[in-house]
Amino acid sequence: MMQLITTKSGGITKECPPVGKLIILTGPSGVGKGTLMRSLLQRHPQLHYSVSVTTRSPRPGEINGKDYYFVSRREVEQLVAAGELLEWAEFAGNYYGTPKEAVMNQIRSGKKVILEIELKGARQIRASYPNALSIFILPPSMSELEKRIRSRAQDSDEAIARRLRHAQEEISAADEFDIRIVNDDFESALHAIEAAVLS
Ligand code: 5GP
């Protein structure tokens with residue numbers, strides 16, 4: 001069975017997954033991370049997708065426990081206080097976070113775990129778990145990204161504007177990541193992710 005590597009930093013013992021076991025997939029909202037992720041998981045069921053907690057309301061068709069755990073702000077604050085989140089961030093007015101125990105259990109059982117998260121959370125993971133593989137998905141252009149966000153038509157104008165502002169900020173941090181993939185052609189982007197994740 002795969003063991004977690006234990007390191008000591010500042011007197012605190014922390015578990016550090018072996019190289020390539022923890023995978024971060026980041027990129028601006030609307031870039032197509034979710035669709036890429038779903039195809040990746042369909043093709044490779046041995047990969048484990050970490051289901052996040054969020055305070056945002058479910059979108060049509062989203063299922064509690066599958067897409068997200070939809071929780072209150074108070075519940076997220078309690079999870080943070082109890083140290084039960086691997087990372088968390090506020091994004092476009094809502095909290096998002098990665099439940100720690102589920103991720104660590106999957107890694108202990110030998111699985112590769114994928115976190116589909118935004119930039120601030122990705123930075124936290126990279127700082128705490130330098131062995132994590134980090135992938136950044138880029139849109140072909142900003143105008144294409146705006147078109148994709150608007151075509152989802154699931155968010156208010158205000159939410160769309162906020163997402164676009166964040167997108168620009170996130171894209172300027174792409175160089176921090178191990179691998180950058182442009183989601184221009186879906187199949188090519190998916191192959192590039194597969195090559196990185198399964199290597
Ligand atoms: P959405 O509301 O569109 O589902 O997600 C908004 C953003 O939050 C996306 O960029 C998504 O990747 C990110 N996100 C989802 N789950 C988490 C999480 O657990 N932690 C962090 N930091 N970001 C997350």
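## Around the ligand

Sixteen residues surround the ligand in this predicted model, where a residue counts as near if one of its heavy atoms lies within 4 Å. Ser52, Arg56, Tyr68, Tyr96 and Glu118 come nearest. Sorted by class, the shell has seven charged, five nonpolar and four polar residues (Asp, Glu, Lys and Arg are charged; Ala, Val, Leu, Ile, Met, Phe, Trp, Tyr, Cys and Pro are nonpolar; the others, Gly among them, are polar). Strand E7 (85-91) and strand E8 (94-99) each chip in at least two shell residues; strands are DSSP runs of at least two residues, numbered from the N terminus.

## Polar contacts and cover

A polar contact here is a pair of N or O atoms within 3.5 Å. Ligand oxygen atoms have such partners in the side chains of Tyr96 at 2.5 Å, Glu116 at 2.9 Å and Thr98 at 3.3 Å. On its own the ligand has 510 Å² of accessible area, and the protein covers 96% of that (Shrake-Rupley, 1.4 Å probe).

## A buried lysine

Now for Lys21, which sits in the loop between strand E2 (12-16) and strand E3 (22-26). Is Lys21 buried or exposed? Lys21 counts as buried because its relative accessibility is 11%, and buried means under 20% (1.4 Å probe, protein chains only). A polar atom of the Lys21 side chain lies 3.1 Å from the backbone oxygen of Gly110.

## Ground rules

Residues are numbered from 1 along each chain as its sequence is written, and side-chain values use heavy atoms, leaving out hydrogens and water. Local features need pLDDT of at least 70, side-chain atom pairs count only at pLDDT 80 or more, and totals for chains, interfaces and linings use all residues.

Methods. Polar contact = N/O pair within 3.5 Å; in protein donor to acceptor, adjacent residues only side chain to side chain. Helix = DSSP H or I, 4+ residues; strand = E, 2+ residues; numbered from the N terminus. Buried < 20%, exposed > 50% of the residue type's maximum accessible area, 1.4 Å probe, protein only.
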